[in-house]
Amino acid sequence: MSVALITGASSGIGEAFARLLSGKGYHVVLVARRKDRLSQLADELDGKGGTAEVLPADLVEEEGVEEIRKHIRNHRVDLLVNNAGFGLYGPVTETLDTREQEMIRLNVSALVSLTRAVLPQMVKRNSGGIIQVASTASFLPTPYMAGYGATKAFVLHYSEALTAELKGTGVKVTAVCPGSTVSEFAERTGIRQKFPMSAEKVAELGLKAWEKGQPVVVTGSGNKAAASLPRFLPRSWMARLVARAFRDRT
């Protein structure tokens, strides 16, 4: 049985990936801070004929990351879904420095650490892969979410580079770039979303892209159009357009 390890599995896109992969016969390893939510999900998946295990860990903290790294080193993982992350909305001068540093550790450092932990076993087997959850913000300067957009740009570029490095190894990496999505993300971030897509649809499109070996997938036609704008407009224009769109989104 193939094994998928999913971070941020207690809600939103991570939870949707867990349900989707369990339905496809994967044994799912559920990682997040909230043990109660993970246990409820695991019970649900077990009750539907799947198999799931719970690994509570706070990936903002190095101890939590090391716990999951240790699990990866000692267990087979066929698919890693690096979904854990959060956003921070507001002018840089009005948001907490400590919170932004936590966001960078989760969105970037934890993702890199788990990616590096799992790749050796995958390359040795010549199979497996990683789905990195990025964002349409990966393609744009994002005033009022400056740090968040920067972390997701890192995820996109890191994933694209890995795809090139891993060519011929049998290991596939896909960066999934959703836009507004129905999840707890907006509530925690403090931003009002427009026309959100369901988390289930994002997970479905992301998994299909990974199965096909696509290095990047932007979910939704509107999001694809927005992500393509930097090809046609100066970056300074893009920053002003996003600032205008994001300025009053609380």
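**Close-up 1. Salt bridge of the buried residue R69 with E62.** R69 counts as buried, at 15% relative accessibility. In this predicted model, the side chain of R69 meets that of E62 in a salt bridge, with 2.6 Å from N to O. The partner, E62, is partly exposed and has a relative accessible area of 47%. The two residues fall in separate classes because buried means under 20% relative accessible area and partly exposed lies between that value and 50%. The R69 and E62 pair belongs to a model in which the count of salt bridges comes to 11.

**Close-up 2. Salt bridge between helices α1 and α2.** R19 and E44 form a salt bridge in which the closest N and O atoms are 2.7 Å apart. R19 lies in helix α1 (residues 12-23) and E44 in helix α2 (residues 35-47), so the pair ties together parts that are 25 residues apart in sequence. Both side chains belong to partly exposed residues: the relative accessible area of E44 is 26%, and R19 has a relative accessibility of 32%. R19 and E44 are also members of a network of salt bridges that links them with E15 and K48.

**Close-up 3. Salt bridge within helix α7.** K201 and E204 both lie in helix α7 (residues 199-212). They are 3 residues apart, about one turn of the helix. Their side chains form a salt bridge, the closest N and O atoms being 3.9 Å apart. This pair is counted because the cut-off for a salt bridge is 4 Å between the side-chain nitrogen and the carboxyl oxygen. K201 counts as partly exposed at 35% relative accessibility, and E204 is partly exposed with a relative accessible area of 28%.

**Close-up 4. Strand β4 and its two neighbours.** Strand β4 comprises residues 79-82, and its residues L79, L80, V81 and N82 are all buried. L79 and V81 point one way from the strand, while L80 and N82 point the other way. Strand β1 (residues 3-7) pairs with β4 in the parallel sense over 3 bridges. In this pairing, L79 of β4 is the bridge partner of A4. Strand β5 (residues 129-133) also runs parallel to β4, and 4 bridges join the two. Here L80 stands opposite I130 of β5. From β4 the chain crosses through helix α4 (residues 97-125) to β5, and this β-α-β crossover is right-handed.

**Close-up 5. N126 in the loop between α4 and β5.** N126 is placed in the loop that follows α4 and leads to β5. Its phi is positive, about 60 degrees, although N126 is not a glycine. Most residues other than glycine have a negative phi.

**Close-up 6. Y144 in the loop between β5 and α5.** Y144 lies in the loop that connects β5 with α5 (146-165). Phi of Y144 is near 75 degrees, a positive value in a residue other than glycine. Y144 is partly exposed, and its relative accessible area is 23%.

Notes:
Residues numbered from 1 in each chain as written. Predicted model: local features only at pLDDT ≥ 70, side-chain atom pairs only at ≥ 80, totals over all residues. Heavy atoms only, no water. Buried < 20%, exposed > 50% of the residue type's maximum accessible area, 1.4 Å probe, protein only. Pairing = 2+ DSSP bridges. Right-handed = clockwise from strand over helix to strand, strands pointing away.
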